[in-house]
Amino acid sequence: MRLPQALLLGLWPWGPEPTPSTPSALNFTLRHIHGHKGRQVVFKDILERHRFSIAQQIPQYETSFTLTPVRTKTYKPRSQDEFFQAREANMRRHRKKLRGELVEDEEVLVAWDEWDVPGPNTGDRDTLKVLAKMTWNAYIPPDDGQWYDLGEDWGTNFPFGWEPDADGFRGHVFVASDNSTVVVSIKGTSAGAFGGGGPTVIKDKLNDNLLFSCCCARVGPTWSTVCGCYHGGYKCDNDCVQQALVDDSLFYPVGTNLYNNITYLYPDANIWVTGHSLGGSLSGLLGVTFGAPVVTFEAPGDRMASRRLHLPKPPEVQHVTHVFHTADPIPMGTCTGVLSSCAIAGFAMESRCHVGKKRVYDTVTKYGWSQDVRTHRIGVIIDRLLAEDWEPGKPVPDETTDGSECDDQECYNWQYGQFGNTTGV
């Protein structure tokens with residue numbers, strides 16, 4: 001069992017600080033598929049015969065990967081109960097401030113422990129490509145030609161998110177051969193969402209528009225908002241928006257439940273989370289909540305959602321890395337306006353600031369790509385950007401972070417306050 005560094009030094013204060021060992025290569029295998037029904041998380045075990053069937057029928061489809069991790073510093077809340085109590089307290093204090101009431105209750109502080117754990121090497125192109133492939137897997141439904149027959153009992157008890165009107169939260173669980181590390185991949189917005197439907201497009205659209213729009217997906221006068229918080233002009237009831245975000249139909253509470261289920265299955269494992277698009281942003285929120293190392297691909301800005309959810313802030317969030325390119329308007333926060341391709345598809349993707357750090361491929365400057373929502377596909381990352389080094393001697397772009405100026409630009413024309421009594425969807 002791994003212990004936080006501060007606790008180790010407290011138990012043995014006169015001894016030398018332990019030198020972390022260099023992590024060895026890890027061999028990962030697809031072990032489970034996860035989905036949910038309401039708050040209940042369900043899994044489907046992937047057995048050796050299933051993996052053999054895949055290898056026979058679709059040789060190019062991979063269910064096993066090898067990664068070499070690096071030492072990663074992360075901060076985890078000492079108590080999950082304390083974390084969520086602090087979140088609830090922050091929400092109450094915020095509501096009182098919006099109503100002009102005196103805030104007398106003290107802020108609930110969270111104790112954070114610094115951990116040194118094996119994490120993904122985001123400066124290594126092969127590592128990013130493996131994680132991107134793991135996220136791509138989560139899009140493939142069991143009846144797809146690229147999959148295999150899971151058996152007659154598939155889906156008879158619980159929906160796994162592939163049905164047209166089902167919840168879209170789903171993904172895959174890859175486990176190292178020694179059970180030391182688990183990678184959870186989370187599906188993003190259905191590929192068909194931007195033109196042509198998609199298996200989980202209904203729930204994807206609801207969650208995207210609540211999490212990443214300035215105010216309930218109010219883009220123009222002809223739009224039907226996804227919550228009743230808009231109050232004319234550019235006025236938005238802040239309390240209402242935040243209440244809509246904590247609704248149980250959203251992915252965040254289901255994601256926390258998924259993480260807790262994984263820790264129950266693998267109590268001694270180091271857990272990583274990865275995802276594409278919506279799945280990437282939700283991965284980032286879980287990284288803030290649990291201190292898990294996270295790598296996302298083409299994720300919309302998640303900092304606004306983190307604030308609206310009132311997630312307590314760890315001392316640092318450098319264990320969360322976002323990978324995207326400048327021709328994709330969704331992570332860039334430029335897929336806005338009534339004539340944008342996002343709006344035409346019914347999405348309001350207006351957030352642009354990311355939690356943690358970024359590795360951004362400037363494909364507009366280097367390759368002359370035009371911004372196009374069709375470049376949002378995970379295949380663009382895998383087949384075009386991670387197929388070769390970004391520059392000679394530089395496998396991937398340098399790390400950067402979003403500063404306070406990004407927050408100033410995000411939804412700058414909106415006025416947030418207490419404009420009505422609407423408190424939910």
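This note walks through the main features of a predicted model.

1. **The largest pocket.** Start with the open space. The largest pocket has a volume of about 860 Å³. Its lining holds 33 residues, and the closest to the pocket centre are R303, S306, R307, R308 and K313. Three elements give two or more residues to this lining: helix 3 (80–98), helix 6 (238–245) and helix 9 (303–308). By type, the lining residues divide into 15 nonpolar, ten polar and eight charged.

2. **A charged network that includes pocket residues.** R303 and R307 are among the residues closest to the centre of the largest pocket. Both also belong to a salt-bridge network. Through shared partners, R303, R307, D407 and E410 are joined into one network. Across the whole structure, a search finds 14 salt bridges.

3. **K73 and E316.** One salt bridge joins K73 to E316, with the closest N and O atoms 3.4 Å apart. K73 sits in strand 4 (residues 70–77), while E316 sits in the loop between helix 9 and strand 11 (320–325), so the bridge ties together parts 243 residues apart in sequence. Neither end is buried. K73 is partly exposed at a relative accessible area of 37%. E316 is also partly exposed, at 32% relative accessibility.

4. **D402 and K358.** Here the side chains meet in a salt bridge at 2.7 Å, N to O. D402 belongs to the loop between strand 13 (399–401) and helix 14 (404–409), and K358 to strand 12 (residues 357–361), so parts 44 residues apart in sequence are tied together. Are the two partners buried or exposed? D402 is buried, with a relative accessible area of 13%. K358 is buried too, because its relative accessible area is 12% and the cut-off for buried is under 20%.

5. **K394 and D398.** K394 forms a salt bridge with D398, and the closest N and O atoms are 3.2 Å apart. K394 counts as partly exposed, at 24% relative accessibility. D398 counts as partly exposed as well, at 48%.

6. **Strand 12 and its neighbours.** Strand 12 carries K358. The strand is mostly covered, with four of its five residues buried. It pairs with strand 11 in parallel, over five bridges. Within that region, T321 has K357 of strand 12 as its bridge partner. Strand 12 also pairs with strand 13, here in the antiparallel sense and over three bridges. K358 stands opposite T400 of strand 13. K358 therefore has two contacts to look at: T400 across the strands, and D402 through the salt bridge.

7. **Helix 8.** How many of the residues of helix 8 are buried? The count is 13 of 13, so the helix is largely enclosed by the rest of the structure. Its length also checks out. Helix 8 covers residues 278–290, and at 1.5 Å a residue it should span 18 Å; the end C-alpha atoms are 18 Å apart, which agrees. Next comes G291, with a positive phi near 75°.

8. **Just before helix 8.** S277 lies in the loop between strand 9 (270–276) and helix 8. This residue is not a glycine, yet its phi is positive, near 60°. S277 counts as buried, at 1% relative accessibility. Positive phi values thus occur at S277 and at G291, which follows helix 8.

9. **E298.** Another positive phi appears at E298, about 55°, although the residue is not a glycine. E298 is placed in the loop between strand 10 (294–297) and helix 9. Its relative accessibility is 0%, so E298 counts as buried.

10. **Helix 7.** Helix 7 (residues 251–265) has 15 residues. From first C-alpha to last it reaches 21 Å, close to the 21 Å expected at 1.5 Å a residue. Which of its residues are buried? They are F251, Y252, V254, G255, T256, L258, Y259 and I262.

Key:
Residues numbered from 1 in each chain as written. Predicted model: local features only at pLDDT ≥ 70, side-chain atom pairs only at ≥ 80, totals over all residues. Heavy atoms only, no water. 1 Å grid on protein atoms, 1.4 Å probe; cavity = no way out; pocket = protein on both sides within 12 Å on 5 of 7 lines; lining within 4 Å. Points joined across faces, edges and corners; volume = space filled by probe spheres on them. Nonpolar A, V, L, I, M, F, W, Y, C, P; charged D, E, K, R; others polar. Expected span 1.5 Å × (residues − 1). Buried < 20%, exposed > 50% of the residue type's maximum accessible area, 1.4 Å probe, protein only. Salt bridge = Lys/Arg side-chain N within 4 Å of Asp/Glu carboxyl O. Pairing = 2+ DSSP bridges.
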